[in-house]
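Visitor: I'd like a quick tour of this one. Can you put it on screen and take my questions as we go?

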Amino acid sequence: MKKNLFQLTLWALLFALCFSAHAQQPKNIPRIGFLSGSGDLNTPGFQVEAFRRGLTELGYIEGKNILVEYRYVEERVDRIPSLVAELMQLKVDIFISGNLVAIRAAKQATKTIPIVMVTTADPVTGGLIENLARPGGNITGLSRLNRDLRGKRLELLKEVVPRISLVGVIWDTSGAPELATPFKDYETAARALKIPIQSLKVRSSNPDLEGAFRDAAKGRVSALVTTRTAGLVPYPRKIADLAIKNRLPSMNEGSEWVEAGGLMSYAASDAVLFRRAATYVDKILKGAKPADLPVEQPTKFEFVINLKTAKQIGLTIPPTVLARADRIIK
């Protein structure tokens, strides 16, 4: 009897120990790969900050129930393919980026890892997805509708600079074929508005921004449009400084350019888009397939003006334009 009791007690103890060890086993925490086109390890920038805010709102705590591997382009566009490969080798559960070159590299690298994009390009004509409602494949996310806003940006620029003589459009000529689209769109819109336009081309691997502004000066450009192309995204401060130095009013495709010293922007809020990207991550982690998640497009756009920059270049913004601004930086 005592022997049986001892055996039962021993088995119970072993069972309890095994159960306790099993209960203490860490759960399989999902790992996200995030490649940011702006910021760095010490100053992550608005993309990462907005994404983190979105995760927090959904109940995720980094290091506890989700892991995020961050990588930054840091003005080295040539590093993008290797950074994407690095994240893929970590076998991340989801890859996310707002950089078109990175999204394309990820698409080529994997057919199984879900990719969440935040892109300025048309993802359908660019061949990233089949259609907005049912993307197909392993890519979904958000599209900024940049193409539809290019005429509006030129209209606003003309209101601010009524005697505009020539608009220079700075854009990236290397990489994906659709990077040529921004200039073509501005060219079409400028023709309709009867505004002369000049192409200011740079190459993403090592953009000669000073050379582009020298070309603008030679051509007597009186205003500037900066496109949000992969090779230019890392340089908002440098471009803003050069525009101020050359006393050029600038229209930009994102508010972060205005915060860096550009004159104006008209675009969807990137902070909202990257916060929304966290929602896609949440849905995919809960079992949704990227192929079935419609690509979102923004419904609200913000007009931002930097009055400090206007003063630096000796420009007075008409009161009628100021009244329409969603945000004014003083």
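Guide: Happy to, and one definition first: the expected span of a helix is 1.5 Å times one less than its number of residues. Keep in mind that this is a predicted model.

Visitor: What span would you expect for helix α2, residues 45-57?

Guide: Helix α2 has 13 residues. At 1.5 Å a residue, its actual reach of 19 Å from first C-alpha to last sits close to the expected value. That expected value is 18 Å.

Visitor: Which elements help cover the buried residues of α2?

Guide: The residues to be covered are G45, Q47, V48, A50, F51, G54 and L55, which are buried. Their cover includes β1 (31-36), β2 (67-72), β3 (94-97) and α10 (270-285).

Visitor: Which residue with a positive phi follows α2?

Guide: Look just past the end of α2, where phi comes out near 95°. The residue there is G59.

Visitor: Is E253 buried or exposed?

Guide: E253 lies in the loop between β9 (250-252) and α9 (255-259). Buried means under 20% relative accessible area. E253 has 1%, so this residue counts as buried.

Visitor: Which side chains make polar contacts with that of E253?

Guide: Leaving aside neighbours within four places in sequence, E253 is in contact with several residues, including N146, R150, T226 and A267. One polar contact, of 3.5 Å, links its side chain to that of R153. Another, of 2.7 Å, goes to the side chain of Y186. So the names are R153 and Y186.

Key:
Residues numbered from 1 in each chain as written. Predicted model: local features only at pLDDT ≥ 70, side-chain atom pairs only at ≥ 80, totals over all residues. Heavy atoms only, no water. Helix = DSSP H or I, 4+ residues; strand = E, 2+ residues; numbered from the N terminus. Buried < 20%, exposed > 50% of the residue type's maximum accessible area, 1.4 Å probe, protein only. Contact = heavy atoms within 4.5 Å. Polar contact = N/O pair within 3.5 Å; in protein donor to acceptor, adjacent residues only side chain to side chain.
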